[in-house]
Amino acid sequence: MVPADALAALSSLGVDEPELDALTLGRRIRELRTMRRMTLDALAAAIDRAPSQVSMMENGKREPRLSMLRTIALALGTTVEELMRTDAPSERAALEISVERAQRGPVFQALGLPRIRVSKGQSDETLQTILSLHNEIDRLNRERAATPEEARRANSALRQIMRQQDNYFPELEAQALELLTAVGHSGGPVSQQLVADMATHLGFSLHYVNDLPHSTRSVTDKRNGRIYLPTERSASRDSRSPIVQAFASHLCAHEEPKNYAEFLRQRVETNYLTAAILLPERDAVRMLAEAKTLRRISMEDLRDAFAVSYEMAAHRFTNLATARLDIPVHFMKVHESGTIIKAYENDNVRFPSDALGAVEGTTVCRSWTARTVFDVEDRFSAWYQYTDMPSGSFWCTSRIEKAKEGEYSVSVGVPFAHVKWFRGRETLHRAMSLCPDESCCRRAPDNLAGRWAGQSWPAARTPTSLLAALPTGTFPGVDQTEVYEFLEAHSPH
């Protein structure tokens, strides 16, 4: 879970803690009154209020003061704490509350529909139909309203939270340690068997299938405690990672994301917890601290020591670099087109950004290591480079990885004052960047522009996933119908 001191920031991303509302309180009062075979008039007399006032409380149209809650609790033979529980008192009550909330929301108001009085005479099926129609209209409205600006704002806000905490989340580290201890991990790399033991410990069984939905890496059946994985394993991917990511969401108590911001936050938590499990903090810090003493910190060594991908090793280093090693750092994942996919910094490097402060989707300077690495002939050795920028000089190490969308560079960098701790600091490769000054690389040289301006029409090669505003559905990029059909076909019941 995200630490408590970040809850205020997360609230701006649409992530709210559960709160008691008048509807839930009213339904709980009604439920308890009915269970005790007490009429509305009898309860009204017991608390010295008119029956119409009690009815308004039960319908969520009036919220009683705390002193009145104590009186109601006494009359119903219960406690104030019981009345103030945030969960619905029954499945039927939950359905009624949802319909009432829907009618009070902006969708019903915008449609101009008359309010429906929710009563005992209406069947569950009727209420569920009304609620389903409302939810579908709401989904379509939100889908049409979703814009690239929404995604960019969410990314920018989440990056600010990560920067404030130096990308280190103690609660997730504690969860990883607890799980590692539970399965008897004694140090070093985490084996495939230990990962399977973790799944079993958490109540999941692993099932390898050859018809996994094409848009997924895994599918979790929460009802039957199953994690479905592909029988064919990619040579470029760690086979442990999809398993850990699947139960990491369970550990984080994730619910279906309500918006893009919540989806991003969940993805960050899942990836963080996965890395914290596969590169345990105690062992990783011990190795990195020793490497710092010897002045030879290396992403390749971290990758090889824990048998993870280079990208995961680089991500994990950003978690621990500042909080545990006192090294400010920046990280970038850049597509071969020059488009930034992911970025993080707390070392004051100046990433390119748009007017909203968003970095993802912008183009990185041609002189930065994240771009120059694509021109290196030796793809098997680490590429090191110093880059002099308006904000200072930075050293960076970068490596290229392949994916179905093309090639990506994964880069980790530090300010010049901290390069002394890293292997590769003796590199002679150096470049100068004046970005965001357009004269650096954003504007073509005058001689070329003079010859070709107005005479070219290029077709962009940037992945379509970067150009899309927001993919439809609860989980962006995933065909929900296909997932449900898959689970239905494989369900043991």
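This talk describes the helices, cores, ring pairs and a few single residues of one protein chain.

Good morning. The structure before you is a predicted model, and every value I give is computed from it. Let me begin with the chain as a whole. The chain contains 21 helices and nine strands. It has 493 residues, of which 45% count as buried. Among contacts with a separation of 6 or more, 64% are between residues 24 or more positions apart.

I turn next to the nonpolar interior. Which residues have the most contacts inside the largest nonpolar core? They are Phe247, Ile277, Ile297, Phe317 and Phe422, in a core of 68 residues. Helix α14 supplies the largest share of this core, with ten residues. Apart from this core lies another one of 16 residues, which includes Leu25, Ile29, Met38 and Leu43.

Let us stay with helix α14, which spans residues 260-278. Its axis and that of helix α17, residues 310-325, come within 10 Å and cross at roughly 95 degrees. An angle from 65 to 115 degrees counts as roughly perpendicular, and α14 and α17 are therefore roughly perpendicular to each other. Which residues meet where these helices are in contact? From α14 there are Tyr272, Thr274, Ala275, Ala276 and Leu278, and from α17 there are Met312, Arg316 and Asn319. Sorted by class, the contact of α14 with α17 has five nonpolar residues, two polar ones and one charged one.

Isoleucine 277 deserves a closer look, as it was named among the core residues with the most contacts. Leaving out residues up to four places away in sequence, isoleucine 277 touches Ala176, Leu179, Leu180, Val190, Met198, Val244 and Phe247.

One of these partners, leucine 180, is my next subject. Leucine 180 belongs to helix α11. Is leucine 180 buried or exposed? Its relative accessibility is 4%, so leucine 180 counts as buried. With neighbours within four places in sequence set aside, the contacts of leucine 180 are His185, Val190, Met198, Ala276, Ile277 and Pro280. Leucine 180 and valine 190 are ten residues apart along the chain, and their C-alpha atoms are separated by 8.8 Å. Aspartate 197 is 17 residues from leucine 180 in sequence, and the C-alpha to C-alpha distance is 9.8 Å. Aspartate 197 lies in helix α12, residues 192-201, and is partly exposed, with a relative accessible area of 31%.

I come now to the aromatic rings. How many aromatic pairs does a search of the whole structure find? The search finds six. Phenylalanine 169 and tyrosine 272 form an edge-to-face pair, with 5.4 Å from centre to centre and 90 degrees between the planes. This pair links distant parts of the chain, 103 residues apart: phenylalanine 169 is in the loop between α10 (148-164) and α11 (170-182), while tyrosine 272 is in helix α14. Both phenylalanine 169 and tyrosine 272 are buried.

Another pair joins tyrosine 386 to phenylalanine 416; it is tilted, at 6.0 Å centre to centre and 50 degrees between the planes. Tyrosine 386 is in strand β6 (residues 383-389) and phenylalanine 416 in the loop between β8 (406-415) and β9 (430-432), so this pair ties together parts 30 residues apart in sequence. Tyrosine 386 is buried, with a relative accessible area of 7%, whereas phenylalanine 416 is partly exposed at 46%. Ring pairs also link Phe317, Tyr384, Trp395 and Phe422 into a cluster. Phe317 and Phe422 have already appeared among the residues with the most contacts in the largest nonpolar core.

Finally, I draw your attention to the backbone. Most residues other than glycine have a negative phi. Arginine 37, although not a glycine, has a positive phi of about 55 degrees. Arginine 37 sits in the loop between α2 (22-35) and α3 (40-46) and is exposed, with a relative accessible area of 79%. Arginine 295 also has a positive phi, near 60 degrees. The loop that holds arginine 295 runs between α15 (281-293) and α16 (299-306). Arginine 295 is partly exposed, with a relative accessible area of 37%.

To close, I return to helix α14. It gives ten residues to the largest nonpolar core, meets α17 through residues such as Tyr272, and holds tyrosine 272 of the pair with phenylalanine 169. Thank you for your attention.

Note on methods: Residues numbered from 1 in each chain as written. Predicted model: local features only at pLDDT ≥ 70, side-chain atom pairs only at ≥ 80, totals over all residues. Heavy atoms only, no water. Axes fitted to C-alpha atoms, helices over the stretch in contact; angles between N-to-C directions. Helix = DSSP H or I, 4+ residues; strand = E, 2+ residues; numbered from the N terminus. Parallel < 35°, antiparallel > 145°, perpendicular 65-115°, else oblique. Contact = heavy atoms within 4.5 Å. Nonpolar A, V, L, I, M, F, W, Y, C, P; charged D, E, K, R; others polar. Core = buried A, V, L, I, M, F, W, Y, C linked by side-chain atoms within 4.5 Å. Buried < 20%, exposed > 50% of the residue type's maximum accessible area, 1.4 Å probe, protein only. Phe/Tyr/Trp six-rings, centres within 6.5 Å; stacked < 30°, edge-to-face > 60°.
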